[in-house]
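Trainee: I am new to this structure. Please take me closely through one helix and what surrounds it.

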Amino acid sequence: MTTAFPAICPTSRTFTPGDYATKRFTAINGAGTTRLYGSKPFDSKLQLQFLLNDSDLQSLLSCWNDAYGTYGTLDLPENVLVGVSEDVQNEIASSLNWRWAERPSVQSVLPGRSRVTVNLVATLDV
């Protein structure tokens, strides 16, 4: 089940590309080899920060609940990546299945305004 992430534009975003499944084997003499166990990176990270009114905050919290927290996958809209070149957008969007990595963090800054931090992770599902 895929849940639509709200079409809200973040005030900042941090993207960390995923890693590949590798294992390093080292012999007693120090010589070693590294094995690659897959052709796709996994566990990309995307941190988004928002300054939201109560209506947009409600949309974001509804997305969390509709996805059953970290269980369901997310469909990220273009607004999340606004201001990023098309090539970078394609790289981020193609990072497998986006999910909530953890609960959103909400800080009230003014009546009707909240600063929200969202952490997402791109998973490689079987």
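Mentor: Start with the length of α1 in this predicted model. The helix has 13 residues, and at 1.5 Å a residue they should span 18 Å. The C-alpha atoms at its ends lie 18 Å apart, so expectation and model agree.

Look at the two ends next. At the start of α1, asparagine 53 sends a side-chain oxygen to within 3.1 Å of the backbone nitrogen of serine 55. After the helix comes tyrosine 68, with a positive phi near 55 degrees.

Now turn to the buried side. Leu57, Leu60, Cys63 and Trp64 are the buried residues of α1. Seen down the helix axis, they fall within an arc of 115 degrees, so they line one face. That set packs against several strands: β1 (2-4), β5, β6 (73-75), β7, β8 (105-110) and β9.

Follow that face inward. In soluble globular proteins, nonpolar side chains tend to be buried together. Here the largest nonpolar core has 22 residues. Phe5, Trp100, Val118 and Leu120 touch the most other members. Two or more residues come from each of β5 (44-53), α1 (54-66), β7 (97-100) and β9 (113-123).

Take leucine 120 as an example. Beyond its neighbours within four places in sequence, leucine 120 has contacts that include Leu46, Leu48, Leu74 and Leu76. Trp98, Arg99 and Trp100 are also among them.

Arginine 99 leads to a charged pair. Side chains of opposite charge can pair when their charged atoms come close. The side chain of arginine 99 meets that of aspartate 125 in a salt bridge, at 2.6 Å from N to O. Arginine 99 sits in strand β7 and aspartate 125 in the segment after β9, so the pair ties together parts 26 residues apart in sequence. A search of the whole structure finds one salt bridge. The partners differ in exposure. Arginine 99 is buried, at 14% relative accessible area, whereas aspartate 125 is partly exposed, at 38%.

One last stop: phenylalanine 42. This residue lies in the loop between β4 (32-36) and β5. Phenylalanine 42 counts as partly exposed because its relative accessibility is 27%, which falls between the 20% and 50% cut-offs. Aspartate 125 is 83 residues away from phenylalanine 42 in sequence, yet their C-alpha atoms are 9.4 Å apart. Outside its sequence neighbours within four places, phenylalanine 42 is in contact with Gly18, Asp19, Tyr20, Ala21, Leu96, Ala122 and Leu124.

Key: Residues numbered from 1 in each chain as written. Predicted model: local features only at pLDDT ≥ 70, side-chain atom pairs only at ≥ 80, totals over all residues. Heavy atoms only, no water. Core = buried A, V, L, I, M, F, W, Y, C linked by side-chain atoms within 4.5 Å. Buried < 20%, exposed > 50% of the residue type's maximum accessible area, 1.4 Å probe, protein only. Helix = DSSP H or I, 4+ residues; strand = E, 2+ residues; numbered from the N terminus. Contact = heavy atoms within 4.5 Å. Salt bridge = Lys/Arg side-chain N within 4 Å of Asp/Glu carboxyl O. Expected span 1.5 Å × (residues − 1). Arc of directions from axis to C-beta. Polar contact = N/O pair within 3.5 Å; in protein donor to acceptor, adjacent residues only side chain to side chain.
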